[in-house]
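This report concerns the arrangement of domains and an aromatic contact in a single model.

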Amino acid sequence: MGGDRGPAAVVAGLAESATAIPGAYFIVHGDEAHLGPMIAKRKDLTGRCEIRHAPRVVTMNDKPSQVMRHGEGTSMWSCIESVRAGEATVAVSCGNTGALMAVSMIRLRKLPGVNRPAIACMWPSRNPGGFNVMLDVGADIKADAEDLAQYALMGASYARNGLSLERPRVGLLNVGTEEHKGRAELKVAQDLISANAAAGAYEFVGFIEGGDIPGRRCDVIVTDGFTGNVALKTGEGTAKLISDFLREAFGANILSKMAAVLALGSLKRLQKRIDPRRVNGGVFLGLNGTVVKSHGSADGTGVAAAIALAARLAQSGFHERLAARLASAGRAGQDAPQDEMAAPGRSEKR
C-alpha cells in the first residue's frame, strides 16, 4: 500500500506474475475495500489471491523507529508477520526501506551470529550469467571488518542459489587494488574474507575498484551500505541517462529515425538489458525469513521482477541453505557438514 505508485502497480505486477509463475499463490496485505475491486478485475488472479485486511499504511516519510513501536495494523507489518507465522515463504514490499528492515528485524529476528543484515542486489555485468551480486546496498551505512566478512559469506551463498555458481568469486570494493590502499578496516576485512574462503566455498580475488562492479573479475561485490547504495543509485541513473540519450539521438532528424527503424531489434535488446525494472528486487540477508525489497517507484513490470526473484529463492530453499552455510562457516577450520545437503528433489547448491 505504501509504494510510490500505490497498490495499482502491485496488482498489475501480481497479474503478470500469476501468468509467469503458475504455482504461485499470493497473500495481499492492505485495505480490503481498496484492493478487492482491483484484484477482482484481474482474471489471472482468480483463486490465486487472499486479501489480508490491514487498515493502516507505512508511508515513505515514516521513521523506522516509529514503525517499530507503532507498526501493528499496517500492511507492511502484516506482510512480515505472515512470513514469521509460516503462512508465506517470502515477503515482497515496495514500501519504506528503513521501516521494512526495522519491522523485519523485530519480527523475524537475525540469524544466529549475524551482527548486521545486508541488502543484496543483482547488477548487470559482463559475466556469462549476465549479473553480479553486490551487498550491502543500503541496510546499514556502517560496516566493520567482521560485518564485511559476513557479507562475503552471505553474498556467496546468494550467488550460488541466485546465479547457479558453484564457487563464486568475491571481491572487496576499495579505492584501488593495491594492498596499501583503503581504510584500516578494509585491510582487516581482506584478511578475514580470505581466511573464510574455504568454509564459505568461495574464491576471494582481493580488492576491486568501482569499474569492476559490472565487470568479469568477480561475481560478488562486498561493501558497506553507504557506498553500495550510492553506487546502485548512480548505476540506475546512468542507465536511464543512456536510454534518454539514445532516444534523443535517434529522434533528432529523419535520417536518425530511419536508422532507428533499421536498428530496432538491437535497440530493444539493449533496452531490455539496461532496464533497471527487470532486475528489480533487493534481498534482505541475515534474517530468519526471506524478504525482497522492490523499488518504491516500481511499475507492474518492476513488481513482477521482484516477485519472480522471490519465487526463485523460495523454490530453491535459499533461506535454509544460507542459515546452514553461516553456521558451518562459524566453526573455524571445518567444512560444511553433510546435513547441509539440499532436500531430495532440490538443487544441490548451497
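The domain interface is described below, followed by the aromatic pair.

This is a predicted model, in which local features need pLDDT of at least 70 and side-chain atom pairs count only at pLDDT 80 or more, while totals for chains, interfaces and linings use all residues. Residues are numbered from 1 along each chain as its sequence is written, and side-chain values use heavy atoms, with hydrogens and water left out.

The domain assignment, from an automatic or database source, gives two segments to domain 1 and two to domain 2, as listed in the table.

| Domain | Residues | Residues in the contact (heavy atoms within 4.5 Å) |
|---|---|---|
| domain 1 | 7-108 + 285-316 | 13 residues |
| domain 2 | 118-274 + 319-349 | 14 residues |

Taken over C-alpha atoms, the centres of domain 1 and domain 2 are 25 Å apart. Between domain 1 and domain 2 about 1100 Å² is buried, 60% of it from carbon and sulfur atoms; buried area is the accessible area (1.4 Å probe) that two parts lose on being put together, summed over both. On the side of domain 1 that touches domain 2, the elements giving two or more residues are α5 (97-108) and α12 (300-316), and α12 gives the most, with four residues.

The structure also holds one aromatic pair (ring centres within 6.5 Å; planes under 30 degrees apart are stacked, over 60 edge-to-face, the rest tilted). The ring centres of Tyr158 and Phe318 lie 5.7 Å apart with planes at 55°, so the pair is tilted. Because Tyr158 belongs to helix α6 (residues 145-162) and Phe318 to helix α13 (residues 318-329), the pair ties together parts 160 residues apart in sequence; helices are DSSP runs (H or I, at least four residues), numbered from the N terminus. Both Tyr158 and Phe318 are buried, that is, under 20% relative accessible area (1.4 Å probe, protein chains only).

Conventions:
Phe/Tyr/Trp six-rings, centres within 6.5 Å; stacked < 30°, edge-to-face > 60°. Buried < 20%, exposed > 50% of the residue type's maximum accessible area, 1.4 Å probe, protein only.
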